[in-house]
Amino acid sequence: MTLKATMLSDAQLKLAGFVELTPVVPLRAGEQRRTIWAKSALRDLVTGKITPELGFPCLEFDLFVGRYCKGYIVSATRDKKKKSDFKWLQGHHQVWVVALRNPRPGWRIFGRFAGKNRFIILGAYVRSELGDLADYNKQASKIPSEWDAAFPNVPPFEGATFHDYLGEIVRNDDE
């Protein structure tokens, strides 16, 4: 498979209503290697600005954002039973999920990549609200239409390996 590049600029993401999530510990010059983008409402959720009873701000999420954005090692898998940072969901076109086990009862953050090292969050769900595997898959299947609504006529980034999406600092938990 060859790479299919999606050319979404920061300006296009902002125009679509997305904001960049930044680590709690500020980045030093030249340190940022990856970006995470989400709708303003999600940023407000994870910073505890709205509904703090849902457990945010949360150290686990803050550490994940910091490790990811600073270019530190993250893990990835295609195996639904493994507990990696990123799961590339099978049976769904270019849908990825980040599993947070804290704050309890846990969260699942669904998204796609707009390029190498550019993760776009398109949905966040309390794990207990996803129910069984059928409900989980139902929510995952909504991500392509969420992408199409935000970025009409712009296909998601497509690569062949975890490195294509997450750069060289990725642990392949499938090996």
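The paragraphs below lead through salt bridges, backbone angles, buried residues and a pocket in this structure. The model is a predicted one, and it should be read with that in mind.

A good place to begin is with charged side chains. Side chains of opposite charge can pair when their charged atoms come close. In this model the count of salt bridges comes to four, and three of them are followed here in turn.

One of these salt bridges joins the side chains of Asp10 and Arg118, with a distance of 3.1 Å from N to O. The two partners belong to distant parts of the chain, since Asp10 is in helix α1, residues 10–15, while Arg118 is in strand β7, residues 118–126, and 108 residues separate them. Their surroundings can be compared by relative accessibility, where a residue is called buried under 20% and exposed over 50%, and partly exposed in between. Asp10 has a value of 36%, so Asp10 counts as partly exposed, whereas Arg118, with a relative accessible area of 18%, is buried.

Another salt bridge is formed by the side chains of Arg67 and Asp85, where N and O are 2.9 Å apart. Arg67 lies in helix α3, residues 59–69, and Asp85 lies in the loop between β3 (74–77) and β4 (86–88), so this pair ties together parts that are 18 residues apart in sequence. Here Arg67 is the partly exposed partner, because its relative accessibility is 28%, and Asp85 is buried, because its relative accessible area is 16%.

A further salt bridge brings together the side chains of Arg43 and Asp44, at 3.3 Å from N to O. In this pair Arg43 is partly exposed, with a relative accessible area of 30%, and Asp44 is buried, with a relative accessible area of 15%.

Arg43 also leads to the next stop, because Val19 touches Arg43 as well as Ile36, Trp37, Ala38, Lys39 and Ser40, when residues up to four places away in sequence are left out. Val19 has its place in strand β1, residues 18–21, and with a relative accessible area of 18% Val19 is buried. The C-alpha atoms of Val19 and Leu42 are 9.3 Å apart in space, although the two residues are 23 residues apart in sequence.

The backbone itself deserves attention too. Most residues other than glycine have a negative phi, and most peptide bonds are trans. Gln94 has a positive phi of about 55°, although it is not a glycine. Gln94 is found in the loop between β4 and β5 (96–100), and a relative accessible area of 7% places Gln94 among buried residues. Leaving aside residues up to four places away in sequence, Gln94 touches Trp88, Gly111, Arg112, Pro156, Phe157, Glu158 and Tyr165.

Asn117 is likewise a residue other than glycine with a positive phi, here near 70°. Asn117 lies in the loop between β6 (107–113) and β7, and Asn117 is buried, with a relative accessible area of 15%.

Another residue to look at is Gln139, which lies in helix α5, residues 133–140. Gln139 is buried, with a relative accessible area of 16%, and its side chain makes a polar contact of 3.1 Å with the side chain of Tyr125. When residues up to four places away in sequence are not counted, Gln139 touches Tyr125 and Leu130.

Helix α5 also takes part in the largest pocket, which holds about 410 Å³ of space. The lining of this pocket is made by 19 residues, and those that lie nearest its centre are Lys80, Lys87, Leu89, Leu133 and Tyr136. Both β4 and α5 supply at least two residues of this lining, and the largest share, three residues, comes from α5. Sorted by class, the lining has 10 charged, five nonpolar and four polar residues.

To look back over the path, the salt bridge between Asp10 and Arg118 links helix α1 with strand β7, while Arg67 and Asp85 tie helix α3 to the loop between β3 and β4. Helix α5 holds Gln139, and α5 also gives the largest share of the lining of the largest pocket.

Notes: Residues numbered from 1 in each chain as written. Predicted model: local features only at pLDDT ≥ 70, side-chain atom pairs only at ≥ 80, totals over all residues. Heavy atoms only, no water. Helix = DSSP H or I, 4+ residues; strand = E, 2+ residues; numbered from the N terminus. Buried < 20%, exposed > 50% of the residue type's maximum accessible area, 1.4 Å probe, protein only. Contact = heavy atoms within 4.5 Å. Polar contact = N/O pair within 3.5 Å; in protein donor to acceptor, adjacent residues only side chain to side chain. 1 Å grid on protein atoms, 1.4 Å probe; cavity = no way out; pocket = protein on both sides within 12 Å on 5 of 7 lines; lining within 4 Å. Points joined across faces, edges and corners; volume = space filled by probe spheres on them. Nonpolar A, V, L, I, M, F, W, Y, C, P; charged D, E, K, R; others polar.
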